[in-house]
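Let us take a walk through this chain together. Please open the structure and keep it beside you as you read.

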Amino acid sequence: MYDYLEAVKEDVVDFIKCDIDLKDFAEREELEEHLNDELFNCDRVTGNASGSYTFSRAQAQEYVVDNIELLEEACDEFGTDAETVGKWFLSEDWERMDVTIRCYLLSQAISEALDDMADELEEAFDEE
């Protein structure tokens with residue numbers, strides 16, 4: 001079974017390591033806010049900018065089918081009605097459903113990634 005939260009968290013960590021200079025931020029909250037704003041529309045993390053993270057309908061379908069309960073939670077959170085979700089299924093818009101789940105989990109993934117990096121963050125913020 002595909003673990004969305006772990007996958008998004010890994011992408012967040014990769015983004016931080018490759019694209020973020022921790023010294024540009026005074027504290028964790030500032031970094032966390034920046035990441036939530038920046039990554040919501042980042043294809044490397046959510047796929048929301050282009051509408052696809054996997055760039056593969058079949059791969060997205062596999063991920064979504066394994067995680068229908070997350071899709072339901074995401075749709076509830078974003079106020080997506082059952083008619084819209086039904087249209088996604090009928091049109092086999094698996095990539096849209098996949099992106100929806102990734103966006104839904106983004107904030108939690110960022111928080112957990114930063115928790116895992118606590119020592120590194122503390123060191124960077126203490127240098128200021």
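The paragraphs below go from the overall fold to the charged pairs, the cysteines, the loops and the surface.

A word on the source before we start: this is a predicted model. The chain contains seven helices and zero strands, so the order of elements from the N terminus on reads α-α-α-α-α-α-α. If you align the view with the principal axes, the C-alpha atoms fill a box of roughly 55 × 25 × 25 Å. Of the 128 residues in the chain, 41% are buried.

Now for the charges. Side chains of opposite charge can pair when their charged atoms come close. How many salt bridges does a search of the whole structure find? The search finds nine, and a few of them are worth a look.

Begin in helix H1, which covers residues 4-19. Here lysine 9 pairs with glutamate 6 in a salt bridge, with 3.8 Å between the closest N and O atoms. That pair counts because the cut-off for a salt bridge is 4 Å. Both residues belong to helix H1 and sit three residues apart, about one turn of the helix. Are the two partners buried or exposed, or something in between? Lysine 9 is buried, since its relative accessible area is 12% and the limit for buried is under 20%. Glutamate 6, in contrast, is partly exposed, with a relative accessible area of 33%. The pair also belongs to something wider: through salt bridges that share partners, Glu6, Lys9, Glu112 and Asp116 are joined into one network.

Next, move to helix H2 and find arginine 28, which takes part in a salt bridge with glutamate 32 at 3.3 Å, N to O. These two residues both lie in helix H2, four residues apart, again about one turn of the helix. Glutamate 32 counts as buried, at 18% relative accessibility. Arginine 28 also forms a salt bridge with aspartate 115, and there the closest N and O atoms are 2.8 Å apart. This second pair links distant parts of the chain: arginine 28 is in helix H2, while aspartate 115 is in helix H6 (residues 94-116), 87 residues apart. Aspartate 115 is partly exposed, with 45% relative accessibility.

What about the cysteines? Look at cysteine 42 and cysteine 103. The closest cysteine sulfur to that of cysteine 42 is in cysteine 103, 10 Å away, and this is too far for a bond, because a disulfide needs the two sulfur atoms within 2.5 Å. Cysteine 103 is likewise in no disulfide, and by this rule the count comes to zero disulfides. Both side chains are nevertheless out of the way of the probe: cysteine 42 counts as buried at 12% relative accessibility, and cysteine 103 is buried with a relative accessible area of 8%.

The loops have a few points of their own. For a look at backbone angles, go to the loop between H2 and helix H3 (57-65), where phenylalanine 55 is placed. Phenylalanine 55 has a positive phi of about 55°, although it is not a glycine. This residue is exposed, with a relative accessible area of 57%. Glutamate 92 also has a positive phi, near 55°, and is a residue other than glycine. You will find glutamate 92 in the loop between helix H5 (82-90) and H6, partly exposed at 42% relative accessibility.

A third loop, between H3 and helix H4 (68-78), holds asparagine 67. Asparagine 67 counts as buried, with 3% relative accessibility. Which residue lies 66 residues away along the chain, with its C-alpha atom 8.0 Å from that of asparagine 67? The partner is methionine 1.

Finally, turn to the surface. Asp21, Asp24, Glu27, Glu29, Glu30, Glu33, Asp37 and Glu38 form a negative surface patch. One of these residues, glutamate 27, is placed in the loop between helix H1 and helix H2 (28-39). Glutamate 27 counts as partly exposed, at 40% relative accessibility, which puts it over the 30% that a patch residue needs.

Technical notes. Residues numbered from 1 in each chain as written. Predicted model: local features only at pLDDT ≥ 70, side-chain atom pairs only at ≥ 80, totals over all residues. Heavy atoms only, no water. Patch = residues over 30% accessible without salt bridge, like charges linked within 9 Å, V, L, I, M, F, W, Y side chains within 5 Å. Areas by Shrake-Rupley, 256 points an atom, 1.4 Å probe, with all protein chains shown as cover. Salt bridge = Lys/Arg side-chain N within 4 Å of Asp/Glu carboxyl O. Lys, Arg positive; Asp, Glu negative; His and termini not counted. Charge placed at Lys NZ, Arg CZ, Asp CG, Glu CD. Buried < 20%, exposed > 50% of the residue type's maximum accessible area, 1.4 Å probe, protein only.
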